[in-house]
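Colleague: Please examine one part of this model closely, beginning with the charged side chains and aromatic rings, and then place that part in the context of the whole chain.

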Amino acid sequence: MKRIHLWFNKRKENRGLTMELKKGTNRFYMLDGDKEIGEVTFTEDPPTVLSINHTFVDSNYRGKGIAQQLIQAVVALAMNNQKRIKPVCSYAQALFKRNKDYAAIEYHE
């Protein structure tokens with residue numbers, strides 16, 4: 001279980017939020033306390049591909065890098081298991097286009 005500590009500025013006062021990244025079956029999700037605030041889901045396309053098919057972050061938490069952290073969790077999982085990633089959802093596709101570091105792990109048919 002990985003803990004992520006995020007800081008953001010709300011109404012000109014610093015407020016720390018402790019987020020917790022968790023892994024479920026074919027998904028990673030982010031919690032703020034007991035509240036699920038984001039998730040990324042993927043399918044395993046044997047033998048070597050993880051297809052990211054959905055990314056969501058609660059509207060109150062958008063713009064804080066949570067979706068990117070969720071995608072990075074899938075990237076780490078793929079790298080640790082010698083798999084490639086097929087970005088299917090629009091957010092994953094855009095992130096893979098912006099981040100050239102992901103090119104080495106991206107699956108192309």
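Modeller: The side chain of lysine 23 lies over the face of phenylalanine 28, 5.7 Å from the ring centre. A charge is taken to sit over a ring when NZ of Lys or CZ of Arg is within 6 Å of the ring centre and within 35 degrees of the ring normal. Arginine 27 makes a contact of this kind too: its charged end sits over the ring of tyrosine 29, at 4.1 Å from the centre. The model is a predicted one, in which local features need pLDDT of at least 70 and side-chain atom pairs count only at pLDDT 80 or more, whereas totals for chains, interfaces and linings use all residues. Residues are numbered from 1 along each chain as its sequence is written, and side-chain values use heavy atoms, with hydrogens and water left out.

Arginine 27 also takes part in salt bridges, a salt bridge being a side-chain nitrogen of Lys or Arg within 4 Å of a carboxyl oxygen of Asp or Glu. By this rule the model contains five salt bridges. One of them joins arginine 27 to glutamate 36, with N and O 3.0 Å apart. A salt bridge also joins arginine 27 to glutamate 39, at 2.7 Å from N to O. That pair links distant parts of the chain, since arginine 27 belongs to strand 3 (residues 27-32) and glutamate 39 to strand 4 (residues 35-45), 12 residues apart. Helices (H or I, at least four residues) and strands (E, at least two) are DSSP runs, numbered from the N terminus. Arg27, Glu36 and Glu39 are thus linked in a network of salt bridges.

The two acidic partners differ in their cover. Buried means under 20% relative accessible area, exposed over 50%, and partly exposed in between, computed with a 1.4 Å probe on protein chains only. Glutamate 39 is buried because its relative accessible area is 18%, whereas glutamate 36, at 38%, is partly exposed.

Next to this network in sequence comes asparagine 26, in the loop between strand 2 (13-24) and strand 3. Its phi is near 55°, a positive value in a residue other than glycine. Most residues other than glycine have a negative phi, and most peptide bonds are trans. Asparagine 26 counts as partly exposed because its relative accessible area is 27%. Glutamine 82, which is not a glycine either, has a positive phi of about 50° and is found in the loop between helix 1 and strand 6. With a relative accessible area of 66%, glutamine 82 is exposed. As for the peptide bonds, a cis bond joins proline 46 and proline 47, with omega about 0°. Proline 47 lies in the loop between strand 4 and strand 5.

A further salt bridge pairs lysine 86 with glutamate 109, the closest N and O atoms being 2.8 Å apart. Lysine 86 is in strand 6 (residues 84-87) and glutamate 109 in the segment after helix 2 (90-98), so this pair ties together parts 23 residues apart in sequence. Lysine 86 is partly exposed at 27%, while glutamate 109 is exposed at 77%.

Helix 2 has buried residues, namely Ala92, Leu95 and Phe96. They lie on the same side of helix 2 because they cover an arc of only 100° around the axis, the arc being that of the directions from the helix axis to the C-beta atoms. An α-helix has 3.6 residues a turn, so residues three or four places apart point the same way. The face turned away from the buried side carries the exposed residues Ser90, Lys97 and Arg98. Through its buried residues, helix 2 packs against strand 5 (49-57), helix 1 (66-80) and strand 6, where contact means heavy atoms within 4.5 Å.

The structure holds two aromatic pairs. One of them is formed by phenylalanine 96 and tyrosine 102, a tilted pair with 4.7 Å between centres and 35° between planes. Rings of Phe, Tyr and Trp (its six-membered ring) pair if their centres lie within 6.5 Å; planes under 30 degrees apart count as stacked, over 60 as edge-to-face, and the rest as tilted. Both rings belong to buried residues, phenylalanine 96 at 5% and tyrosine 102 at 7%.

For the chain as a whole, there are two helices and six strands, in the order β-β-β-β-β-α-β-α. Of its 109 residues, 42% count as buried.
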